[in-house]
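User: Could you take me on a close tour of the place where the two chains come together? I'd enjoy one connected account.

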Amino acid sequence: MTTLPQSTDKKLGLVIDLDTCVGCHACVISCKGWNTENYGAPLSDQDPYGADPSGTFLNRVHSYEVQPEQGAAQLIHFPKSCLHCEDAPCVTVCPTGASYKRVEDGIVLVNESDCIGCGLCAWACPYGAREMDQEEKVMKKCTLCVDRIYNENLPKVDRVPSCVRTCPAGARHFGDLGDPDSDVSQLVLERGGVDLMPEQGTKPVNKYLPPRPKDALPEFDVLAPFLEPVIAEPKGFLGWLDKALEKI
Amino acid sequence: MHPAPSVIFFSVFSGLGFGLLAWLGLGIPAVTGFSAFAFFTIAYLLAVGGLISSTFHLGHPERALKAFTQWRSSWLSREAWCAVAALVLMGIYGLGLVFFDSRWTLVGLLGALFSLGTVFTTSMIYAQLKTVPRWHMPLTPLNFLSLSLAGGALLAGQVQSAVVLILIAACLQIATWLIGDKRLAQSGTTMASATQLGDVGTVRAFEPPHTGTNYLLREFVHVIGRKHASKLRIIALILMGILPIVLLLLPFNHIIAVIAVLAHVAGVLTARWLFFAQAEHVVGLYYGKR
Ligand code: SF4
Ligand code: SF4
């Protein structure tokens with residue numbers, strides 16, 4: 001059913017810390033690895049070792065250069081996957097009912113055997129979180145590792161989305177954002193977590209923690225007194241060497 | 001947006017076909033027998049041909065019947081229902097005209113309603129998308145409906161109505177372009193709102209996620225040909241509007257009428273190509289593109 005549930009029991013989602021992410025793309029690889037061999041169709045690649053490689057990814061990391069009015073530019077790595085929106089426009093546009101939002105935990109999924117591959121849901125998603133697999137011709141998207149988080153065959157520590165489990169920097173957090181007391185909700189509160197493109201009205205569940213303000217550079221360099229300024233016009237032996245080298 | 005030929009042909013030809021069906025359903029022209037057969041054949045070829053071409057765009061056309069299930073929320077599903085209702089009703093109505101020489105008015109009126117409903121629901125598939133601000137406005141359905149009615153009048157041989165409707169459609173087309181040009185800026189979606197990094201400073205896309213291209217860029221970030229947009233708009237306007245109107249105002253002659261139809265269709269195809277090629281999807285902002 002592609003009408004959205006009035007409310008969901010839980011709002012499972014991710015909190016992504018833009019201050020901590022180092023842009024290593026480990027989450028991209030672990031996501032692709034897990035999801036290509038579990039839920040649904042594999043994530044195909046086209047021309048992977050050739051001149052024009054491309055492929056299906058459920059999670060991609062962008063990098064932005066942000067130039068403050070004063071001071072040095074900052075490089076911010078920006079992982080992006082499905083935000084499991086509360087008002088998910090990708091669900092309501094789907095003609096077949098293949099796209100749906102689960103009442104029990106709010107996860108947005110695609111039932112691939114119903115998907116006709118019309119692509120409309122990818123058009124409706126402002127975040128680029130859905131990709132049509134070029135091999136299987138069905139819509140792929142982040143499942144929040146629905147086949148891990150409830151999987152009792154896995155050790156408890158592994159019952160989180162693959163990207164969260166993998167992130168070496170601890171920049172990705174998973175939990176119930178509908179519960180104000182959960183760790184993730186507390187983190188969002190503490191760090192001022194934000195919605196991406198709030199004006200699109202999708203009410204994303206996933207939140208992004210903005211980068212913390214950078215420390216200002218100290219006024220002087222502690223080593224400065226030990227370093228003589230470079231002599232602009234060398235004299236003596238250096239002067240002779242400079243001229244001699246110039247002549248060669 | 002990627003201007004996929006299948007979708008452009010679908011929307012233009014089915015728009016024309018359903019436009020003609022709407023006129024026939026209203027009993028204009030009041031044809032029966034063989035001439036009714038000719039008119040209905042043209043209308044069905046266009047409408048059904050368009051629908052078939054749209055299935056080329058699907059990854060799994062064999063599951064297309066599933067698209068009838070979600071009419072409560074999905075405009076694409078509603079379009080499927082309208083199209084089938086229109087084709088069935090107009091088929092019954094056409095049978096009456098062609099074989100029984102009788103006009104079942106109510107069936108015709110309902111058929112006309114669903115024919116226009118099909119064009120409307122098609123346009124709403126685009127107009128509903130907040131992610132493409134250029135399409136997300138009431139002018140999009142008006143643009144589609146006016147073109148369909150004008151093209152239908154042209155095919156139905158209604159010279160006077162066609163002149164007036166083509167004029168209206170051309171004006172709406174110009175308005176769609178000019179107002180559409182401002183929509184992305186008005187939507188408030190920018191790289192700053194997309195990344196929420198605007199408070200830190202000016203955001204510039206430094207590195208895309210992968211060195212190669214991907215589905216999102218191919219489907220949503222189509223910039224080729226945009227530089228010729230203003231020339232193509234003028235060409236589209238001349239072909240779809242000015243030329244047919246001038247030709248229709250000349251003393252009537254079948255060859256001239258055919259040329260008017262061909263010019264109009266070529267113009268609408270150009271305009272529809274621009275409709276896609278010029279549409280900016282907000283996801284492009286994540287790539288520093290539009
Ligand atoms: S991020 Fe995109 S795909 Fe995910 S729920 Fe929101 S609109 Fe749908
Ligand atoms: S591509 Fe599949 S999931 Fe997406 S709208 Fe079409 S049928 Fe639904």
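Analyst: Let's start with the strands that meet across the chains: S4(A) and strand S1 (residues 202-207) of chain B pair in the antiparallel sense over five bridges (two strands pair if DSSP finds at least two bridges between them; helices, H or I of at least four residues, and strands, E of at least two, are DSSP runs numbered from the N terminus). Within this pairing, Val66(A) stands opposite Val203(B) in S1(B). This is a predicted model, in which local features need pLDDT of at least 70 and side-chain atom pairs count only at pLDDT 80 or more, while totals for chains, interfaces and linings use all residues. Residues are numbered from 1 along each chain as its sequence is written, chains are lettered from A and ligands numbered from 1 in the order in which they are written, and side-chain values use heavy atoms, with hydrogens and water left out.

The same two strands carry a charged pair as well: Glu65(A) in strand S4 of chain A and Arg204(B) in strand S1 of chain B form a salt bridge, with the closest N and O atoms 2.9 Å apart (a side-chain nitrogen of Lys or Arg within 4 Å of a carboxyl oxygen of Asp or Glu). Across the interface of chain A and chain B the rule finds two salt bridges. Lys66(B) and Asp114(A) also form a salt bridge, and there the closest N and O atoms are 3.0 Å apart. Over all chains, the structure holds 17 salt bridges.

Polar contacts add to the picture, with 30 residue pairs across the interface, both at pLDDT 80 or more (a pair of N or O atoms within 3.5 Å; within protein, one must be able to donate a hydrogen and the other to accept it, and residues adjacent in sequence count only if both atoms are side-chain atoms). On the side of chain A that touches chain B, strand S4 (59-67), strand S5 (74-81), helix H3 (120-124) and strand S8 (130-132) each supply at least two residues. The largest share, eight residues, comes from S4(A).

Now for the whole interface: 63 residues of chain A are in contact with 58 residues of chain B (heavy atoms within 4.5 Å). The area buried between the chains is about 4800 Å², of which carbon and sulfur atoms give 60% (the accessible area, with a 1.4 Å probe, that two parts lose on being put together, summed over both).

Aromatic rings meet here too. The centres of the Phe78(A) and Tyr286(B) rings are 6.1 Å apart and their planes are at 40 degrees, so the pair is tilted (rings of Phe, Tyr and Trp, its six-membered ring, pair if their centres lie within 6.5 Å; planes under 30 degrees apart count as stacked, over 60 as edge-to-face and the rest as tilted). Phe78(A) belongs to strand S5 of chain A, and Tyr286(B) to the segment after helix H10 (254-277) of chain B.
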